[in-house]
Amino acid sequence: MSKTVIPFGPQHPVLPEPLHLKLVMQDEIIVDAIPAIGYVHRGLEKLTETKEFTQNTFVVERVCGICSCMHALAYCQGIESLMNIEIPDRAKYLRVLWAELHRIHSHLLWLGLLADAFGFESLFMQVWRNREKVMDIMEETAGSRVIISVNTVGGTRRDISKEMLTKISVIVDEIKEDLKQVEAAFFNDYTVKHRLVGVGVLTKEDAYALGTAGPMARASGIKQDLRMTGYSAYGELDFEPIIEQDGDSYARTVVRLKEVYQSINLIKQCIAKMPEGEIVVPVKGNPNGEVVSRVEQPRGEVLYYLRANGSKTLDRLRIRTPTFANIPALLHMLPGSQLADVPVLILTIDPCISCTER
Amino acid sequence: MVNRSEVKSMFDMIGNIFKNLGSKPATRMYPFEKREAFKDARGQLGGIDIDACIFCGICARKCPSDAIVVNKAEKSWEVDRFKCVVCSVCTEVCPKKCLFMSENYTDAAYTKEKAKHVQQPKSTDNGEQASA
């Protein structure tokens, strides 16, 4: 039978970012998928070599909007370990608080986009209405909605008052209540399940062999969550990674939805345990040596490789983002699936192309 | 086949829809109704109290996007708002605290002009301009 090549993206209604796939089709079935990336490469890694190491925090935050806070966190942790800086306890908790707020807004964004991808517009709006509350917390605490610029080498740039912490606690409870209503639609609705259950199955062995990261790996039954290593204040907080066994699109949705509840729980724990004290320590001197710094982002594990030479600028900064690790899994899932399922399949890896290309 | 829990979940959503019908919209009637900016929000680099500036140039050196140009000889301070990333580092490092942030975000611009401030020569005791 003759084959047809259908270009998918870089401009496509379901894609928030430019990813191009050449889909080799036989009728409605995909037989091969050839990816092409490079539409949003900005050369940020190279740019960091020209800036001072303190300025780079703002550069790495702009790698990706959705997980900007965690990019800066990974970078700052790397520099701090190179310079043997022990940051104050309050800064550690504040970092976790903002990181988990970021995870909530990222996952809610994704849940909305997924609902939009299978054509459930009202569900998309219900989810994004809740996301807006998180964005408002971000603006009120950090001064900005998305690129919040709170992390700095040596601690955090802003503190959160006691009244604000109480307010955050009330708002996340509201989000939890609201989310319980839409949760039923994601978990049980007939049409939603029809689009997700059994679509894009990734077995545990495949997920391991293809090197998937984050919710992708956890939905296939791999217990892998960088937060378990206890960086920042995670070591003092009580949580268990969320695992699903099925490895299909439905399992990935369940993992991410449950992770929103987990993040709300972590935020509550953070607020309860928040120590008093300083938020930043002064930084003297320049970093020297090389280090690998890893952080769990909403999409999975991000890896920062830093090499410093004792001057103000870095020799090399290399960023390996979770979407880069998950694209091989997407290419594994696509052959054999229907053309109509491609939007859902692409979305369930939660692609962040800006991250991938930097 | 549709099972019982799936049918029930459809009604959960219908309940939500009825609730939404009776409640206020989640969005605002922008631009008729505007939300006040939060206190200390980083809207834009508000500007400079140019008379207090000593032209040390720390803000220009620390700016991550090289948006600020300080000229000591000319006694001028200039910001390119199209380069500025509104990180507020300049206001934090300023030794005279003469830079300030504004909570409201930048209005749309019609021209790509840079905001240049030049310090006027200080008046002498008899009220005449020193350089005049």
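Colleague: In this predicted model, α4(A) passes α10(A) in a left-handed crossing; what does left-handed mean here?

Modeller: The crossing of α4(A) and α10(A) is left-handed because the near helix is turned anticlockwise from the far one by less than a right angle, whereas a clockwise turn would be right-handed. Residues are numbered from 1 along each chain as its sequence is written, and chains are lettered from A and ligands numbered from 1 in the order in which they are written. Local features need pLDDT of at least 70 and side-chain atom pairs count only at pLDDT 80 or more, while totals for chains, interfaces and linings use all residues, and side-chain values use heavy atoms, without hydrogens and water.

Colleague: How do you know how α4(A) is directed relative to α10(A)?

Modeller: The axes of α4 (residues 89-117) of chain A and α10(A), which are lines fitted to C-alpha atoms over the stretch in contact, come within 9 Å and cross at roughly 155°. Angles run from 0 to 180 degrees between N-to-C directions; under 35 degrees counts as roughly parallel, over 145 as roughly antiparallel, 65 to 115 as roughly perpendicular and the rest as oblique, so α4(A) is roughly antiparallel to α10(A). Their contact has 16 nonpolar, 3 polar and 6 charged residues, where Ala, Val, Leu, Ile, Met, Phe, Trp, Tyr, Cys and Pro are nonpolar, Asp, Glu, Lys and Arg charged, and the others, Gly among them, polar.

Colleague: I271(A) lies in α10 of chain A; is I271(A) buried or exposed, and how do you know?

Modeller: I271(A) has a relative accessible area of 18%, so this residue is buried (under 20% is buried, over 50% exposed, and in between partly exposed, with a 1.4 Å probe and protein chains only). Apart from neighbours within four places in sequence, I271(A) is in contact, meaning heavy atoms within 4.5 Å, with L97(A), L165(A), I168(A) and S169(A).

Colleague: What makes S220(A) count as buried?

Modeller: S220(A) has 0% relative accessibility and therefore counts as buried. S220(A) sits in the loop between α9 (215-219) and α10 (249-273) of chain A, and the residues that it touches, beyond those up to four places away in sequence, include L202(A), K204(A), E244(A) and G247(A).

Colleague: How do you know which way α5(A) runs beside α6(A)?

Modeller: The axes of α5 (residues 121-142) and α6 (residues 162-188) of chain A come within 10 Å and cross at roughly 170°, so α5(A) is roughly antiparallel to α6(A). This contact has 12 nonpolar, 3 polar and 5 charged residues, and among those that meet are L123(A) and V127(A) from α5(A) and I168(A) and F186(A) from α6(A).

Colleague: Why are β1(A) and β3(A) called edge strands?

Modeller: The open sheet has 3 strands in the order β1-β2-β3 (chain A), with antiparallel pairing, and two strands pair if DSSP finds at least two bridges between them. β1 (4-8) and β3 (29-36) each have a single partner strand, so one side of each has no neighbour in the sheet. The twist averages 25° from one strand to the next.

Colleague: How do you know that β2(A) and β3(A) pair?

Modeller: β2 (residues 20-26) and β3(A) share 7 bridges in the antiparallel sense, and K22(A) has I34(A) as its bridge partner in β3(A).

Key:
Helices (H or I, at least four residues) and strands (E, at least two) are DSSP runs, numbered from the N terminus.
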